[in-house]
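This briefing introduces a protein structure to a reader who has not met it before. It takes up charged side-chain pairs and then a feature of the surface.

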Amino acid sequence: MPLRSDSLGSVDISFFVISAAAPLTVMAGVSPIAIMLGGIGAPAGYLVAGLVLAIFAIGFTTMSRHVRGGGAFYAFITRGLGRPAGAGGALVAMVGYNAMEIGVYGLLGSATAGTLKSLLGIDVPWIVIAVAGLLITYYGGYRSITFGAKVLGVLLVAETAILLLLAGGVLLKGTLSLDSFAPVNVTAPGMIAVLAFAFGAFTGFESTVIYRREARDPGRTIPRATYVALAFLGVFYAFIVWIVIQAFGGAAVVKAAAADPAGLFFGAITAYVGGWAAGLMHILIVTSIFASLLAFHNAINRYTLSLSEERVLPSVLGRIHPRHQSPYAAGIAQTALGLVVVLAFWLAGADPYTHLLLWVNTLGMMSLVTLMLLAAVAVPFYFSRNRQGEGVVRTLVAPVAAAVLLAGALGLIVTKISLFTGGAVAVNTVILTLIPAVFAIGTGLALWLRRHRAEVYQNFGSEPCPQPTSS
């Protein structure tokens with residue numbers, strides 16, 4: 001039983017990848033820190049990050065038309081840099097996407113508990129909410145991909161609408177200024193830190209290629225969805241951050257962000273729209289978090305399915321539901337892994353936000369930026385051996401430029417890692433060491449396969465993928 005082919009259009013896939021980025025959560029939860037560090041020039045940081053990733057997308061989407069397997073990042077790396085590097089990329093992808101999802105269960109638990117307490121006066125332990133979230137997310141992935149697209153579409157529209165409601169109030173009542181884009185503010189020293197945060201805000205956009213096998217006319221749908229997601233996120237982030245700056249005024253917003261970063265957006269929407277809107281925003285942040293969880297869960301399941309088809313992971317993980325045509329066995333494994341990690345943090349007495357979210361998500365975000373860098377490097381190597389009629393800008397100039405820019409972005413994130421984790425040197429060292437260690441393990445696995453399972457090694461990253469195992 002195959003996946004449900006010809007099911008997703010550009011809009012559907014855009015919902016998946018934009019929802020993974022969780023725009024409302026990023027804006028209300030993270031952008032105040034960017035304002036606090038970079039000042040009123042913070043909106044420009046999101047535009048710059050979006051532009052860099054758009055340059056990356058040129059080579060990325062070009063290669064997606066020629067590398068048609070289900071392995072996405074690791075398939076690209078394999079075809080460009082060889083099977084050992086591809087296997088290393090595959091393990092980094094599994095760690096990265098799992099970390100991006102599992103860490104967010106800490107945010108789901110803490111944010112939902114806080115919302116229930118403030119709105120209803122109910123105390124619910126975060127672990128109860130996180131486990132419930134694991135089960136609901138599994139159910140969403142168990143159902144058909146079209147079901148997931150519809151759910152994410154509704155949730156994304158809702159979280160976008162509340163931010164546009166805030167924007168409308170500020171535009172009607174506020175005093176507006178374009179000082180955020182003045183050169184003196186865009187080049188302020190703190191903007192280096194803003195750029196590091198801005199790149200993290202786009203995490204998940206690259207997962208468009210994971211849905212190739214379920215997309216309608218993927219040669220057009222995948223690139224279109226990628227550019228739509230990048231354009232929306234870049235412009236929307238910059239606009240909303242600019243709006244909240246206008247709500248407080250340039251002289252006051254940095255102080256307000258430093259005094260109460262978590263309350264910055266709620267204070268703005270209360271002042272310009274009303275207290276009822278702030279209550280609604282609390283609720284929609286919870287649904288935004290769930291949308292991100294479901295989007296990443298679907299992406300992880302398809303990576304697991306692909307590696308099972310490659311016979312790198314057990315074949316049982318390649319089972320597809322006969323009715324929903326979803327990779328439900330991979331979903332069970334991912335949910336079980338998430339449960340183990342969440343329970344481990346809870347039993348250790350860790351904080352769901354400062355430990356589970358920040359530590360685990362930082363690992364995930366850095367893993368995905370590393371994968372983007374490797375994929376950018378892989379593009380010109382692939383096309384140097386496979387002349388496909390693509391222009392030199394798409395196959396050489398843009399990928400090389402993207403590789404240089406992404407290397408700089410990764411360097412920024414590494415140097416500013418303490419801002420992301422809030423952790424001690426030991427914690428940061430472990431996170432920074434894990435990614436090259438995982439890549440090395442994957443490379444070693446490939447060399448072992450070459451010696452002991454030559455057929456699996458030779459077929460790794462090849463096309464087309466074998467048919468999945470039915471249940």
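Which side chain meets that of Arg 302 in a salt bridge? The partner is Glu 214, with 2.8 Å from N to O. The model is a predicted one, and a search of the whole structure finds five salt bridges. Three of these pairs are described below, followed by a nonpolar patch on the surface.

**The pair Arg 302 and Glu 214**

- Arg 302 is part of helix H14 (residues 275–309), while Glu 214 sits in the loop between helix H10 (191–200) and helix H11 (218–248).
- The two parts are 88 residues apart in sequence, so the salt bridge ties them together.
- Arg 302 and Glu 214 are both buried, because each has a relative accessible area under 20%.

**The pair Arg 65 and Glu 390**

- A salt bridge also joins the side chains of Arg 65 and Glu 390, at 3.1 Å from N to O.
- This pair links distant parts of the chain, 325 residues apart.
- Arg 65 belongs to the loop between helix H4 (42–64) and helix H5 (73–81), and Glu 390 to the loop between helix H16 (352–385) and helix H17 (392–415).
- Arg 65 has a relative accessible area of 24% and is therefore partly exposed.
- Glu 390 is likewise partly exposed, with a value of 23%.

**The pair Asp 217 and Arg 220**

- The side chains of Asp 217 and Arg 220 form another salt bridge, with an N to O distance of 4.0 Å.
- Asp 217 counts as partly exposed, because its relative accessibility is 45%.
- Arg 220 reaches 58% relative accessibility and so counts as exposed, the cut-off for that class being over 50%.

**The nonpolar surface patch**

- Leu 119, Leu 120, Ile 122, Leu 165, Trp 276, Leu 280 and Ile 283 make a nonpolar surface patch of about 650 Å².
- Helix H6 (83–120) and H14 each contribute at least two residues to this patch.
- H14 provides the largest share of the patch, namely three residues; this helix also holds Arg 302 of the salt bridge with Glu 214.
- Leu 165, another member of the patch, lies in helix H8 (residues 145–173).
- With a relative accessibility of 33%, Leu 165 counts as partly exposed.

Definitions and conventions:
Residues are numbered from 1 along each chain as its sequence is written. This is a predicted model: local features need pLDDT of at least 70, side-chain atom pairs count only at pLDDT 80 or more; totals for chains, interfaces and linings use all residues. Side-chain values use heavy atoms; hydrogens and water are left out. Helices (H or I, at least four residues) and strands (E, at least two) are DSSP runs, numbered from the N terminus. Buried means under 20% relative accessible area, exposed over 50%, partly exposed in between (1.4 Å probe, protein chains only). Patches are made of residues with over 30% relative accessible area and no salt bridge: like charges are joined within 9 Å, nonpolar side chains (Val, Leu, Ile, Met, Phe, Trp, Tyr) within 5 Å. Accessible areas come from the Shrake-Rupley method with a 1.4 Å probe; for residues, only the protein chains shown count as cover.
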